[in-house]
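Ready for a few warm-up exercises? Have the sequence and the coordinates open, try each task yourself, and then compare your reasoning with the worked solution.

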Amino acid sequence: MALLTKAPKGTQDLLPSQSHKNQYVENQMLEIAGNFGYKEIRTPVFEHTELFHRSVGDTTDVVQKEMYTFTDKGDRSITLRPEGTAGAARAFLEHGLFNEPLPQKVCYLTSCYRYEKPQAGRLREFHQFGVECFGTAEPSADAEIISLADSIFAFLGVTGLSLEINSIGCPECRKNYHKALKEYFAEHKDKLCPTCLDRLERNPMRILDCKSPVCSEIAAGAPVVIDYICEDCARHFETVKKYLDAMNITYRINPRIVRGLDYYTRTVFEFVSEQIGAQGTVCGGGRYDGLMDELGGAKTPSLGFGMGIERLLLLMEAQGVDFPEAKACDICIVSAGENAGLKAAEIAFDMRNSGISALTDISGRSVKAQMKFADKMKARYTVVIGDNELESGKVIVKKMSTGETEETSLETLAEDFMSISIRQSMDEIGTALDGIDINGFKI
RNA sequence: GUGGGUAUAGCGUAGUUGGUUAACGCGUCAGUUUGUGGCACUGAAGACCGUCGGUUCGAAUCCGACUAUCCACCCCA
């Protein structure tokens with residue numbers, strides 16, 4: 001297919017028939033996060049490249065080989081954001097949000113960009129719902145943010161996710177752990193895969209994540225971070241668990257979780273599914289107590305998570321979760337003839353301005369074809385306007401689901417329609433409730 | 001970056017051992033007399049069979065390369 005009519009590799013169009021699902025999910029996320037005290041923040045799609053080097057980390061795959069980086073006309077190195085935390089953290093510092101009441105809770109819905117080879121659940125442009133909680137070191141904050149993700153999944157009706165948590169300690173205790181890891185893996189040096197040999201020096205924790213059968217077998221016997229974290233970190237982790245228990249959130253401690261972004265400290269967590277292919281992490285996050293000072297700000301212990309919208313949708317589809325239907329058209333005004341067409345346009349305009357979704361013919365179709373179109377658009381009502389109606393001033397509103405009709409006046413149609421539709425909806429609810437017993441009261 | 005699978009109308013598919021105008025379902029558009037949807041019927045539009053090259057009298061069908069796409073590794077949401 002020609003380049004002109006082909007979206008770039010790893011990108012997706014969200015089509016009209018699907019967009020209501022995204023809107024639903026996104027609206028729920030914003031609302032639930034709002035209940036937790038989060039307010040939306042919007043930051044630029046691109047940032048100075050240096051920001052990601054400092055935050056995400058120079059040695060990470062994301063920075064080393066996956067960033068969309070280019071030089072702009074002003075000779076600045078610019079990068080399309082590969083994740084959401086860096087931009088939010090930068091904005092926090094730039095606008096002095098640390099002077100606002102702490103913690104500052106922000107959330108965002110953004111697109112992210114990574115130059116990767118696409119596969120199931122992995123795109124070059126993908127979308128994330130993220131939250132960041134700036135300025136608290138308390139373990140209760142860790143538990144709260146996990147409970148927020150949990151609430152979102154629960155509310156959306158997603159099941160079967162396993163929550164895996166771990167503590168990777170603070171920079172201090174990690175030194176000891178790295179040392180222990182190096183010693184351990186050095187003993188198995190001859191069996192490790194080439195990549196892991198490289199990791200041994202640079203970042204031994206990554207070996208724990210290696211999928212090669214040999215390495216993972218060796219890794220299975222490796223020292224576990226939790227055994228090496230300092231007393232403070234251990235106590236922190238214990239308290240996080242206590243809070244999760246108190247909220248009845250089930251989790252699994254997975255000492256293997258090694259997040260790929262360098263800024264993480266202490267608590268890390270993932271919500272993982274087995275139903276959407278190899279890329280099963282739907283939500284990942286953790287604490288990053290060192291990020292703000294790394295970026296030149298005051299020490300500001302913080303934490304957050306990112307949730308992959310596409311992966312979440314994939315999972316919801318796989319589980320057959322019900323989405324609310326897209327809002328259908330309230331009324332389709334069918335017209336015959338030029339004068340009627342003018343009247344239809346006038347009435348539709350009035351209706352739309354009073355919040356009614358109304359359609360009229362703008363394709364020059366016959367009455368029958370307009371009726372068919374109304375049906376396809378799932379219009380709840382139709383009304384036909386022709387010479388007769390213009391003359392008599394009376395119109396008949398037809399309810400499409402039942403075919404029942406009601407007469408009203410042409411002049412007041414725009415105002416009348418609202419009450420017709422409300423009254424009939426009430427009747428429907430009444431009928432639906434008929435015979436239903438609520439707390440012993442018959443309706 | 002490394003593997004493996006796939007490529008036929010907008011979508012989903014058929015196409016027998018190479019052999020005339022590439023078929024079907026859904027969808028789209030129009031019609032089935034006068035101004036009323038769903039159902040049914042009729043008809044129309046829509047495919048250089050991913051691209052290029054090769055074998056052959058003849059290729060959607062066989063071979064090769066390229067491209068795209070999907071899945072997996074790596075890594076991550």
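**Exercise 1. Across which strands does helix H9 lie, and at what angle does it run to S9?**

Solution. This is a predicted model, so we work with computed geometry throughout.
- Step 1: find helix H9 at residues 231-246; it lies across S7 and S9.
- Step 2: compare directions, and helix H9 turns out to run at about 35 degrees to S9.
- Step 3: repeat this for H5, which lies across S6, strand S7 (162-167), strand S9 (265-272), S10 and S11. The angle between H5 and S11 is about 15 degrees.

**Exercise 2. In what order do the strands of the 8-stranded open sheet run, and is its pairing mixed?**Solution.
- Step 1: trace the sheet from one side to the other, which gives S1-S5-S6-S11-S10-S9-S7-S8 with mixed pairing.
- Step 2: look at the ends of that order. Strand S1 (39-40) and strand S8 (252-253) are the edge strands, each pairing on one side only.
- Step 3: zoom in on one edge. S1 pairs with strand S5 (residues 104-113) in the parallel sense, over 2 bridges, and Lys 39 stands opposite Val 106 in S5.

**Exercise 3. Why can helix H11 be called largely enclosed by the rest of the structure?**

Solution.
- Step 1: apply the cut-off, by which a residue is buried if 20 or more other C-beta atoms lie within 10 Å of its own.
- Step 2: list the residues that pass: Ile 309, Glu 310, Arg 311, Leu 312, Leu 313, Leu 315 and Met 316.
- Step 3: draw the conclusion. Helix H11 (residues 309-318) has 7 of its 10 residues buried, so the rest of the structure largely encloses it.
- Step 4: identify the surroundings. The buried residues of H11 pack against helix H1 (16-35), strand S6 (125-134), helix H5 (139-156), strand S10 (281-287) and strand S11 (302-308).
- Step 5: look just past the helix, where Gly 320 follows with a positive phi near 65 degrees.

**Exercise 4. Which strands stand at the edges of the 5-stranded sheet, and which helices pack on that sheet?**

Solution.
- Step 1: write down the order of this open sheet, S13-S12-S14-S15-S16, again with mixed pairing.
- Step 2: take the two ends. Strand S13 (358-360) and strand S16 (405-409) each have a single partner strand, so one side of each lacks a neighbour in the sheet.
- Step 3: check the twist: neighbouring strands of this sheet are turned by 25 degrees against each other on average, direction ignored.
- Step 4: inspect one pair. Strand S15 (residues 394-399) and S16 are antiparallel over 5 bridges, and Lys 398 has Thr 405 in S16 as its bridge partner.
- Step 5: add the helices. Helix H15 (residues 413-433) packs on the sheet, touching S12, S14, S15 and S16, and its direction makes about 150 degrees with that of S16. Helix H12 (residues 338-353) lies across strand S12 (331-335), S13 and strand S14 (381-385), at about 165 degrees to S12.

**Exercise 5. How does the radius of gyration of chain A stand against that of a compact globule of 443 residues?**

Solution.
- Step 1: put the two values side by side: the globule would come near 22 Å, but chain A has 29 Å.
- Step 2: turn to the extents, where the C-alpha trace spans about 95 × 65 × 50 Å along its principal axes.
- Step 3: bring in the domains. Chain A is divided into domain 1 (17-170 + 229-318) and domain 2 (331-423), and their C-alpha centres lie 49 Å apart.
- Step 4: finish with confidence. Chain A averages a pLDDT of 90, and 94% of the residues score at least 70.

Technical notes: Residues numbered from 1 in each chain as written. Chains lettered and ligands numbered in written order. Predicted model: local features only at pLDDT ≥ 70, side-chain atom pairs only at ≥ 80, totals over all residues. Buried ≥ 20, exposed ≤ 12 C-beta atoms within 10 Å, placed from the backbone. Helix = DSSP H or I, 4+ residues; strand = E, 2+ residues; numbered from the N terminus. Contact = placed C-beta atoms within 7 Å. Domains from an automatic or database assignment. Rg over C-alpha atoms; globule rule 2.2 N^0.38 Å. pLDDT = per-residue confidence, 0-100. Pairing = 2+ DSSP bridges. Axes fitted to C-alpha atoms, helices over the stretch in contact; angles between N-to-C directions.
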